[in-house]
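Please report on how the two chains meet and on what lies inside them. Keep it brief.

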Amino acid sequence: MTDTRPGRLPASGHRPGRPGPFFARDRGHHPPALWPDYKTSVARSPRQPLLSFENTLSEITGPLFSLRDLGPQDNDLLSNFATEGQPIGERMLLHGQVLDQNARPVPGVLIEIWQANAAGRYRHVNDGYRAPLDPAFGGCGRTVTDSEGRYFFRSIKPGAYPWPNATDSWRPAHVHFSIFGSGFAQRLITQAYFEGDPLIDRCPIAGSIPDPAARNMLVARLDMENSVPFDMLAWRFDIVLRGRRSTCFENRPEGN
Amino acid sequence: MRIPPNAPPNTPPVLKETPSQTAGPYVHIGLRPSVAGFAGYTWEPDHQIANPADKSRRIRISGTVFDGTGAPVKDALIEAWQADANGHYPHPEDGRPVMPGFRGFGRAAADLESGEWHFDTIRPGPVPGPGGTLQAPHVSLWIVARGINIGLHTRLYFPEDAALHATDPLLAIIPDPRRRETLIATREKDGEGVTYRFDIHIQGEYETVFLDI
Ligand SMILES: [Fe+2]
């Protein structure tokens with residue numbers, strides 16, 4: 001090992017003039033680890049309090065991705081699986097903007113999505129639902145946000161599906177989203193629902209978010225302004241990642 | 001809506017973060033598509049955090065995530081982020097040079113039959129900590145699965161670094177030595193490289209320390 005140079009970075013790894021640590025996660029705004037209505041969470045929830053630790057380089061940094069890492073069709077679920085044929089279902093443009101908590105657009109964000117097909121069936125060895133697979137649909141896509149934090153996918157609207165939880169539990173139509181910011185502490189996985197779906201309010205997973213306003217952030221809106229006439233409807237799903245505090249200016253010259 | 005650049009440091013956030021939801025049982029389709037049988041991507045993150053040509057420097061980290069009943073979590077997905085052998089991160093916020101080709105990120109799916117997962121990497125170096133301290137070498141981990149409503153952050157430390165552990169700023173704030181032990185991997189075998197075992201217990205007697213960072 002050569003040249004660890006720990007002294008070259010000030011204090012907690014924050015450099016003067018750079019943003020400070022991330023805003024603390026508002027845990028009351030997220031689902032609690034233990035939500036008994038979602039039965040699997042009972043044995044898969046920590047019972048000890050989380051240990052709070054201030055951000056260091058390990059939390060502020062994280063893997064970075066660019067469009068060069070991806071293929072040109074990776075964000076097109078209509079065409080990225082089969083070499084011929086098109087998936088059955090309601091074609092959709094799913095798009096939005098990634099902002100941070102300071103309302104600044106976040107470019108360079110890797111977004112990965114996965115979803116069921118129009119019949120509510122996943123292409124996965126553990127999905128035994130009787131609805132059919134679609135030979136033209138894989139169900140995964142990914143992209144990187146542009147300079148204004150924007151992203152889009154072309155896909156089909158997923159179907160609702162039953163799952164083993166209570167006696168007759170159904171998941172509302174949803175798309176799973178995985179989102180990277182610039183720091184590992186921002187790592188987030190969530191699900192986007194669709195405006196107007198009556199199953200959202202009956203779903204114990206959506207319901208694990210206690211605050212209705214917070215839950216509402218997960219509902220993609222029908223966006224007629226961006227629909228493609230005679231082709232597909234658009235759904236808009238904006239995402240907010242943790243933001244950084246302003247840095248302390250103790251080390252900076254006056255006048256900044 | 002935007003915060004002016006000279007805003008005081010205690011300016012509150014303007015927006016709420018998008019709430020988390022469970023990754024669910026089919027997380028592989030999106031995050032490890034080759035495991036789910038999707039061949040459409042030319043590249044995807046995998047269990048190779050670093051793959052040195054020099055095999056003697058290779059280490060493997062393997063483990064299983066256990067639930068509160070002691071059963072393996074067979075649909076878990078684990079992400080890893082670490083510095084290079086000099087303790088440098090490949091990120092502009094660090095800015096120091098990193099070893100050529102070092103990405104520092106890996107993503108492992110638990111085996112759907114056994115629940116076992118592993119990463120191949122190199123030993124990270126120590127990383128600067130708060131107040132001029134030095135953090136002992138560690139790998140940051142993030143765990144998601146069906147039933148986990150918000151991803152779990154933790155850290156893996158290496159058993160050989162006991163002297164550095166004594167002054168590590170994170171380990172220092174865990175008063176109970178038994179809980180501190182949950183963050184220290186065990187050296188399992190030597191051969192062509194070394195294997196460390198790091199089992200993660202979501203709850204129960206051996207519950208791993210999870211972080212709010
Ligand atoms: Fe799902």
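The contact between the chains takes 92 residues from chain A and 82 residues from chain B; two residues are in contact if their C-beta atoms, placed from the backbone, lie within 7 Å. This is a predicted model: local features need pLDDT of at least 70, side-chain atom pairs count only at pLDDT 80 or more, and totals for chains, interfaces and linings use all residues. Residues are numbered from 1 along each chain as its sequence is written, while chains are lettered from A and ligands numbered from 1 in the order in which they are written.

These elements of chain A each give two or more residues to the side that touches chain B. Helices (H or I, at least four residues) and strands (E, at least two) are DSSP runs, numbered from the N terminus.

| Element | Residues |
|---|---|
| β1(A) | 51–52 |
| α1(A) | 57–60 |
| β3(A) | 110–115 |
| β8(A) | 174–179 |
| β9(A) | 188–194 |
| β12(A) | 239–241 |

β1(A) also pairs with β12(B) (residues 211–212), in the parallel sense over two bridges. Pairing requires at least two DSSP bridges between the strands. Ser52(A) has Asp212(B) as its bridge partner.

Ile122(B) lies in strand β4 (residues 116–122) of chain B. Is Ile122(B) buried or exposed? It counts as partly exposed, because it has 19 C-beta neighbours inside 10 Å; 20 or more would make a residue buried, and 12 or fewer exposed, with C-beta atoms placed from the backbone. Beyond four places in sequence, Ile122(B) contacts residues including Ala50(B), Pro52(B) and Ala85(B). Its C-alpha atom is separated by 28 Å from that of Ile29(B), 93 residues apart along the chain.
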